[in-house]
Amino acid sequence: MLRFLILFSLFIHSCVAAPKAPAAAAALPTKKWLTLNGQEPGVVARGGISGLFPESCALANDLAISSSSPGLTILCNLQMTNDGAGICLPDIRLDNATTISTLFPKGQKTYKVNGQDLKGWFALDYSADTIFSNVSLVQNIYSRPSIFDGQLPISAVEDVLGIKPPKFWLSVQNDAFYMEHKLSPAEYLRSLGFRGITFISSPEIGFLKSIGRDAVMSKTKLIFEFKDPEAMEPTTNKKYSEILQNLAAIKAFASGVLVPKGYIWPIDTAKYLKPATTLVADAHKAGLEVYASGFANDMPASFNYSYDPSAEYLQFVDNGQFSVDGVVTDFPPTASQAISCFSHQKGNLPKAGHALVITHNGASGDYPGCTDLAYQKAVEDGADVIDCSVQMSKDGIAFCHDSADLTVSSTAMATFMSRATSVPEIQPTNGVFSFDLTWAEIQSLKPQIQSPFIAKVGISRNPANKNAGKFVTLDDFLKFSKEKAVTGVLNAAYLASKKGLGIVDAVKSALTKSTLDKQTTQRVLIQSDDSSVLAGFEAVPPYTRVLSIDKEIGDAPKASVDEIKKHADAVNILRSSLVSISGSFAAGKTNVVEEMHKGNISVYVSVLRNEYISIAFDYFSDPTVEFATFIAGNGVDGVITEFPATASRYLRSPCSDLNKEQPYAILPAEAGALISVANKEAQPPASAPNPPLDAKDVIDPPLPPVANMAANNATGATPNAPGHSGSIATTANLCLSLLAILAMGLLFATD
């Protein structure tokens, strides 16, 4: 390990008893829904799992059915060939969803559709035999997996009906266009006898009226689809916004409406939710069901959801005021878990397992990390543990901050640019370091939320709270922790030898002052990537030591585990050391957790985030499935996350208990399963396996002695002013931390 990349964490893990659940809580009460009929909202899969596979291919539909709630509806967007066959494709133009443009490069045409000229390749220019014999599917959204492109055939409507989905929804988008070209969707439906079709939707009133009698006889629900409010409905030539004003008139020819989700929960220009409209209440009053469309895990909607797609579904089905009757989504497993597992999950429900929810700089996905608001939000979100990465000010104040360099997570560079310095032992670039500023100067800074994906893909975090909150001292954090949760992180060697800051003794002193070293209801966990730091806490029986392993490993040989056991009781491991990733796919699983557990060493995995860009395709771009994979699939003892609400909600859901009989469970992903479906030549190249952990990497030399900086201080002032928070003679300043990871905190658990 690099001597100047020492990570150190102290953790407090409370065993205070939580409020016990009522005796009758073993049997979950029947949920009451605010849908039109009082039943559970439906999940409608747009083309199966079209968030992974090309829309409406057999793999997309099959996986949707097997991984979603039992009442799933499969939706097919109907297009028609020139000989009257019905096929399932997302758009009237075939070029961005199929290989047709490469097969027929001269086939591009221009048609007028609903008054607009559209250029592309159209199904009505080809026979069914030409389509099925030559053309294959591609993913039509470029940020999604492309390794299945050109491998899967287009599905006929009859193909999808043939798999006997629980329910089937046929979307007829362009009846007027097809009728103009002597093709009749209505006659095609009659040729099918409407058999097996549960829903038919269309944005054209004339079409729905033309099949009304047939739909009644077949008990098929007709759904009127609203387009953009300013678009014109072809039959009436009225804007959809105008038609919306008279929902009672829709009841005459349809039993429900399908609307873009913004019709219900509008979003302002800053991407925050505006107040809900009255659409659902008005439609229910008129006797109409309401289905909302446009849900996709990889298309962030509002900052209110903290990049958690389940939170968005809950906003539509479990807000206490109304519930839509169904959602149309590209990721039906996520909608299924939100509705079946998380809805009506109020209060502090007991956790379904022992795994801990551990924060990374508090709830740093919602607020600037290591601030009072980030910690408060983490506690409110149900975190078992919150963390404090301990840094030191020039005048000896220990405080919580992710790094000794303040430039990224505060306004330090703008305020103290002239104080920027280079410390090669810490980082290659200049920085404004905490140990060069007084606490008063640090307090004058504004915290700044860190968005790890802003530079790469432009994904920012909660701009409304970009500079919210204030940094807190270690004393204040420990005081808060005695009621809630706590931890700290530090870098000992550089400060001890160069700045006269003995961090180990300082942390011991702070913990003694807080009396946390004498408690029986709270246990303190000390984390570092340096065995010599952990050795400094060996003599304190209440403390549990955690070794942070910051390199990727692929195995944990017994010799290495035995060496860890001499210094630590637990490890904090990178998630890539447990599940290897290749081309955004989970390619393989290691046995590191099993080997650590054989040595009676607990395993925590870090760092998990909600943003879909950080989540493997195998997890459906869903952070909840990633949590399930590491907790239920890999058996880790805790997850370190910047969004504790998502992890806590999963662990408090009955669906996280795979040993429990229930209609739906949140299953872990199987590494390698998804990528194996693609043709071998399309799969990303296999990465070299991570090396095994070497026992010699666990052992570190002793820390350097604490330099007496007071004797060399030209001003005569000591760096440790008496009376400062956490101060002791020559070891007042606590620390510097380059990667503030892991923290164990106040865990409420039953005795």
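How do the residues of the lining of the second largest cavity divide into nonpolar, polar and charged? The count is five nonpolar, one polar and one charged. Here, Ala, Val, Leu, Ile, Met, Phe, Trp, Tyr, Cys and Pro go down as nonpolar, Asp, Glu, Lys and Arg as charged, and the others, Gly among them, as polar.

Before going on, some ground rules. This is a predicted model, where local features need pLDDT of at least 70 and side-chain atom pairs count only at pLDDT 80 or more, while totals for chains, interfaces and linings use all residues. Residues are numbered from 1 along each chain as its sequence is written, and side-chain values use heavy atoms, with hydrogens and water left out.

**Cavities**

Rolling a probe the size of a water molecule over the atoms shows where empty space is left. A cavity is a set of points, on a 1 Å grid over the protein atoms alone, where a 1.4 Å probe fits but cannot get out; lining residues have an atom within 4 Å of a point. Grid points are joined across faces, edges and corners, and a volume is the space filled by probe spheres set on the points.

Searching the whole structure turns up two cavities of 30 Å³ or more. The largest holds about 190 Å³ of space. Its lining has 18 residues, and Met-299, Pro-300, Ala-301, Tyr-307 and Asp-308 lie nearest the centre. Helix 12 (residues 309–317) gives the largest share of that lining, three residues. Helices (H or I, at least four residues) and strands (E, at least two) are DSSP runs, numbered from the N terminus. By type, the lining of the largest cavity splits into eleven nonpolar, four polar and three charged residues.

The second largest cavity comes in at about 30 Å³. Pro-54, Glu-55, Pro-90, Ala-97, Leu-137, Val-138 and Asn-140 line this one.

**Disulfides**

A disulfide is a covalent bond between the sulfur atoms of two cysteines. The cut-off used here is a pair of cysteine sulfur atoms within 2.5 Å, and the whole structure has three such pairs.

| Disulfide | S–S distance | Angle about the S-S bond |
|---|---|---|
| Cys-76 and Cys-88 | 2.0 Å | -100°, left-handed |
| Cys-341 and Cys-655 | 2.0 Å | -95°, left-handed |
| Cys-388 and Cys-400 | 2.0 Å | -105°, left-handed |

What does each link hold together? Cys-76 and Cys-88 form a disulfide; Cys-76 sits in strand 3 (residues 73–80) and Cys-88 in strand 4 (residues 86–88), so the pair ties together parts twelve residues apart in sequence. Cys-341 and Cys-655 are bonded too; Cys-341 belongs to helix 13 (residues 332–342) and Cys-655 to the segment after helix 25 (644–651), so this pair ties together parts 314 residues apart in sequence. As for the disulfide of Cys-388 and Cys-400, Cys-388 is in the loop between helix 14 (372–380) and strand 15 (390–392), with Cys-400 in strand 16 (residues 398–400), twelve residues apart.

Counting bonded cysteines along the chain, the pattern reads 1-2, 3-6, 4-5.

Buried or exposed? Both Cys-76 and Cys-88 are buried, meaning under 20% relative accessible area (exposed is over 50%, partly exposed in between, with a 1.4 Å probe and protein chains only). Cys-341 and Cys-655 are both buried, and so are both Cys-388 and Cys-400.

Then there is Cys-370, which is in no disulfide; its nearest cysteine sulfur, that of Cys-400, is 6.1 Å away. Cys-370 counts as buried because its relative accessibility is 0%. Cys-57 is also buried, because its relative accessibility is 0%.

Definitions and conventions: 1 Å grid on protein atoms, 1.4 Å probe; cavity = no way out; pocket = protein on both sides within 12 Å on 5 of 7 lines; lining within 4 Å.
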